[in-house]
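Let's walk through this structure together, moving from a cysteine to strands, a cavity and some backbone geometry. Keep the sequence and the 3D view open side by side as you read.

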Amino acid sequence: MTAFRRTDKPAHIDRTKPITFTFDGKTLIGFSGDTLASALLANGKTLLGRSFKYHRPRGVIAAGFEEPNALFTTGVGGRTEPNTIGPTTELVSGITAKSQNAWPSLSFDVMAANQLLSPIFSAGFYYKTFMGPLKKSWMMYEPIIRKAAGLGVAVPDVDTARYEQRHTFCDVLVIGSGPAGLAAAVTAARSGLRVTLTEQDFELGGSLLSSGNEVLEQWRKTQIAELESHREARVLNRTTAQGIYDGNLVVLNCIPQNHPAKMILEQCRAKTIIIATGAIERPLVFENNDRPGVMLASAVRTYLNRYGVAPKKRAVIVTNNDSAYATAFELAEADVAVTVAEHRSTLSGDLLAKAAQLGIAIFPNSGIANVIGEKQISAVRLAGRHAVTIECDVLAMSGGWNPVVHLTSHGGIKPKYDEKIAAFVPGGFAPSHYGAGGVNGTFGVMAAIREGETAARAALETSNFSKKLEAVELPAMREDRAYTIQPQWTVPEGKHAFVDFQNDVTSKDIKQAHQEGYLSVEHLKRYTTLGMGTDQGKTSNINALAMMADLRGLPMSAAGTTTFRPPYAPLTIGAIAGRNVGAHFKPKRLSPLHDWHVAHGATFIEAGLWMRAWYYDWAGHSPETAYIKEMELVRQNVGISDVSSLGKIDVQGPDAAEFLNRIYVNGFAKLPIGRARYGVMLNDDGIVLDDGTTSRISDTQFYMTTTTAQAGEVMSWLEYLLQMHWTDLNVHLTSLTDEWGGMAVSGPNSRRALQLAFPELDVTTETLPYIGVMDFVFEDVSVRILRLSFSGELAYEVHCPANYTTALWEHILKSADSLGIKPYGLEALASLRIEKGHVAGADLDHRNTLDDLGLGKMAGKEKDYIGKALRFREDCQAPERWSLIGIECMEDGKKLRGGAILFAASDEIKGHGRGYITSVTWSTELNKFIALALYNGGLKHEGEDIICAFPLKNENVKARIVSPHFIDKQGERLHA
Amino acid sequence: MLKASSALFSAKPFASNLLAIVEAPDFTLTQYAGVEKDLKKALGKLPSRIGIVQDNFMRVGPTQIWSLNEAMDAPNCFVTPLSSSRTRIEISGAPAREVLAKCASIDFHKNEFKPGTFAMTGIHHVPVFIHCVAGEIFHLYVLRTFALSIWDHVSDAALEFK
């Protein structure tokens, strides 16, 4: 037996275009223009899912995003999408839909036994029951409960769909294409300004699509045709406005057609916004109101007029307002026997007359006492004097209308209660926002059209458009009937009167929450789970709030609502991520030498956003062995390494020297031209910010280098100081990190290598001493040589514009080939500096003071510098601060590890210890593992034995505290 | 002269009948910084505000001018060559504005982002300077070290026009 049938009336489906789809493995046929829900109803499928908690049989209730029950899992593999909303899913060929939360089958669901336990599964049951007997008992219960309850299940497969994002702008954004939205969009478009109309449905028209009225249909088509003729009007159907944010930023998610992307998340910045989001019908709350076949009256009307799907023979309508009579009349005209259970005692004459004419029986002062039928409604028993049982295929309910105020509230404006329509309406609009139609509580078509036009004219005025515009033509039909309603807020008796269909919250749960003191709407929501889930309580919230207000003896206006937050409708995480996935997850930063490294056997490692050459094939195929060979090359001969990632800043201006003198702890005012100086800068809290070398190029120009990690932060900090504090200094900063590439040529033979590469250049110590700088032009390219050493060996940094860095690198390699020069990577670079005792990013943890790093003596005593005052605060001078030490491993065959926790030899190995290893390497010079570390009291403990504990590998290694300068303490090599 | 190398050496070419994305190399970019009177004296008439290109000069800050002309002496100004710092990507064709709208939160409508104007914005978290050269031709000045990443990002955004 089926409860629905296709009519042969005109509808918005194309009966010449059948579409095949499957539901729970069974192949079915619908038509182009159908939704998944309408096609299922047309195929006689009314049992469509099982409820969240009690596994009660559920069917379709609504015809829009508010649908709480008709949710399906669609797609397969990585394209699987749980909780797809049936009434908004456009039927396309090949959809595979599966019902949810049922096993082994929808019809026979084992967990339906939960219904027997429903008396104890009331609100707060989990919180009260599953907290004991042991402290961690919840961990045991949780997986079982999760398996037993819920909606669709996300699959672990990677989502293979493509999601895009874009940014758009317009003068007028109209959200919603019902009568108000269409009128607003057409009016605004006539101005020639940029207008965007968005509609969540795949067809424009909103409530007009459900009307079945030829005049309105013609009006709809005329407006759409006109919109299409305006060049600056942009129409986006299949697009949901998910949220309105500051600055009139509206986030839209669009489902494009014939496009590689499944979804496009659009950030639309609109000068003005017209919200024409309409209204959603409220259910009524009565016993067994969740049975398949119990639907919103407006939904029944939509399925009838838009999709040509009608109840088979008999429908009962229960209502407290006039709007449901449109459904009643149109059902009767479609040969459905209609009975109305009317909550009100009196009705207006025109409704009574038309009902009589169509043979509709009306029971005033009535309602629904109970619904009969489990997996499909078969009859209803009326409440009140007429306690009769009426057979029916469908029960259509209407408890009034809730304006869709969500978007109006995203900016923090709370909705207000309107007694006249018994609903919440916008509490106001932000400047440049306007509302029109149902969202304002205006439920008539003619009034909505007029409001749409008025809103558009106001929006145009805000956009400084003042020309006269032609009025939108009204449809040739009579004026709207007045809307009357008698709200039903009292809490019904019974155990299965559902308020929230998606979360299985009943009127009994509301009562219980009240009894237990969860009175505020926010507490009510969280205690009962009311209004959560994919529908976010679009059909349930107002009824629940009203019941709580009734129980508390408060007027609705005092009860308030919960907070509306974006997104308005379910939004897949993929849309938020967009194309920032996989290789596009984050930008990659490549050295000018990157392609050379690739071609010459480098293995890369990520260093922040940089991809850096880690080690090279010539030295080995694993980092553990390759870096040792590369280190040996530098210690014994000469190597070349890419240091292009160093931050580089051009500091120019007559006050450049004074500026540097203020930001570095050591003096720079008298740095001679052609010389470099190592400098350390502090934050204003006295903590080390960064170190690096700055060279003086001329009286007014300096070339600063920073660490790779801190380059951006240092640049921002310096700009901040100049722009906010030292506006009197005439200094200009420019980042040269991308302009200049750099290479370190290091090792005892490095000078010979440069002499071979630049035979006409004098790079002897006399001309280019340690920390000397030399600029010259080589083959028409500016080159800068800085005699600096990170490795502790005789070494030079060679910098040149990035476009020529590869050519210069190749030239040096080729020229010094006879020496055996080879490239060395980041691992060796870092290990060499550990042997020398140079601190770097790993050791600078943004908690170190100068003294912690053993650099306190380099600070100028007389001069002032950033961070000086707070550097000397008590805590920064505490004797037991974690300070820099060196560590030598004392056990053969064991290794030190980065992050190891340090304990004194006599300590119990427990807790946070006295410090930790910041950098570690195998020393080719000392033939043992060495490390830099921060240790309580620092070098006061030099010579003491310690334990390096690494609990992750259950290792405790004996080591000794030594100076952090492991090699060449006198600096003879680098001064060679 | 040493041979120049491109940051887009390994970039995957973008081929389409509707849209071209290519590297536009061989340009000179120089920054001049200084007070207004010195800048004017050295360079001549300058754009009065950020966002417009005038005689290949672009004001990128109150005291900073970028020039696409050959570098010149500028007494009392502070000159910084930047030709290597940026990779220039040219995107042209009817859908160019649509593609750019997927990359940066700038209004690329033809009435708003006109030829001769530029925007300093960001693509994929990276600072990018976009210059509208002609109706549907744009130059993206991208930090060299991020050039390949941005090339990939823009090419990916243009997938629907391939």
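A:C800 counts as buried because its relative accessibility is 0%; here buried means under 20% relative accessible area, exposed over 50% and partly exposed in between, using a 1.4 Å probe and protein chains only. Before we go on, please note that this is a predicted model, in which local features need pLDDT of at least 70, side-chain atom pairs count only at pLDDT 80 or more, and totals for chains, interfaces and linings use all residues. Residues are numbered from 1 along each chain as its sequence is written, chains are lettered from A and ligands numbered from 1 in the order in which they are written, and side-chain values use heavy atoms, with hydrogens and water left out.

Another cysteine, A:C268, also counts as buried, because its relative accessibility is 0%. How many disulfides does the structure hold? Over all chains there are zero, with a disulfide taken as a pair of cysteine sulfur atoms within 2.5 Å. For A:C268, the nearest cysteine sulfur belongs to A:C170 and is 3.9 Å away.

Now look at strand β43 of chain A, which covers residues 795–801. Helices (H or I, at least four residues) and strands (E, at least two) are DSSP runs, numbered from the N terminus, and two strands pair if DSSP finds at least two bridges between them. Strand β43 belongs to an open sheet of six strands in chain A, in the order β41-β42-β43-β40-β34-β44, with mixed pairing. At its edges are β41 (773–778) and β44 (822–823) of chain A, each of which pairs on one side only. Inside the sheet, β40 (residues 740–746) of chain A runs antiparallel to β43, and seven bridges join them. To find the register, place A:G742 opposite A:H799 in β43(A). As a reminder, strands of a sheet pair through backbone hydrogen bonds, either parallel or antiparallel.

Following the chain onward, A:N803 sits in the loop between β43 and α21 (805–815) of chain A. This residue is buried, because its relative accessible area is 18%. The side chain of A:N803 makes a polar contact with the side chain of B:R144, at 3.1 Å. A polar contact is a pair of N or O atoms within 3.5 Å; within protein, one must be able to donate a hydrogen and the other to accept it, and residues adjacent in sequence count only if both atoms are side-chain atoms.

In chain B, strand β6 (residues 78–81) has a covered face made of B:F78 and B:T80, and an uncovered one made of B:V79 and B:P81. Four bridges join β6(B) to β2 (residues 30–33) of chain B, and the two run antiparallel. B:F78 is the bridge partner of B:A33.

Back in chain A, strand β48 (residues 928–936) is mostly covered, with seven of its nine residues buried. β48(A) is joined in the antiparallel sense to β45 (residues 882–889) of chain A over seven bridges, and to β47 (residues 915–923) of chain A by eight. A:L934 is a good place to pause: A:L884 stands opposite A:L934, and A:Y916 has A:L934 as its bridge partner. The hairpin of β47(A) and β48(A) has four residues between the strands, and there A:N927 takes a positive phi near 60 degrees.

That leads to other backbone features. Most residues other than glycine have a negative phi, and most peptide bonds are trans. A:N464 has a positive phi near 65 degrees and lies in the loop between α10 (445–462) and β29 (498–500) of chain A. A:N464 counts as exposed, because its relative accessibility is 70%. A:E779, in the loop between β41 and β42 (781–786) of chain A, has a phi near 50 degrees. The peptide bond from A:W103 to A:P104 is cis, with omega near 5 degrees, and another cis bond joins A:P566 and A:P567, with omega about 0 degrees.
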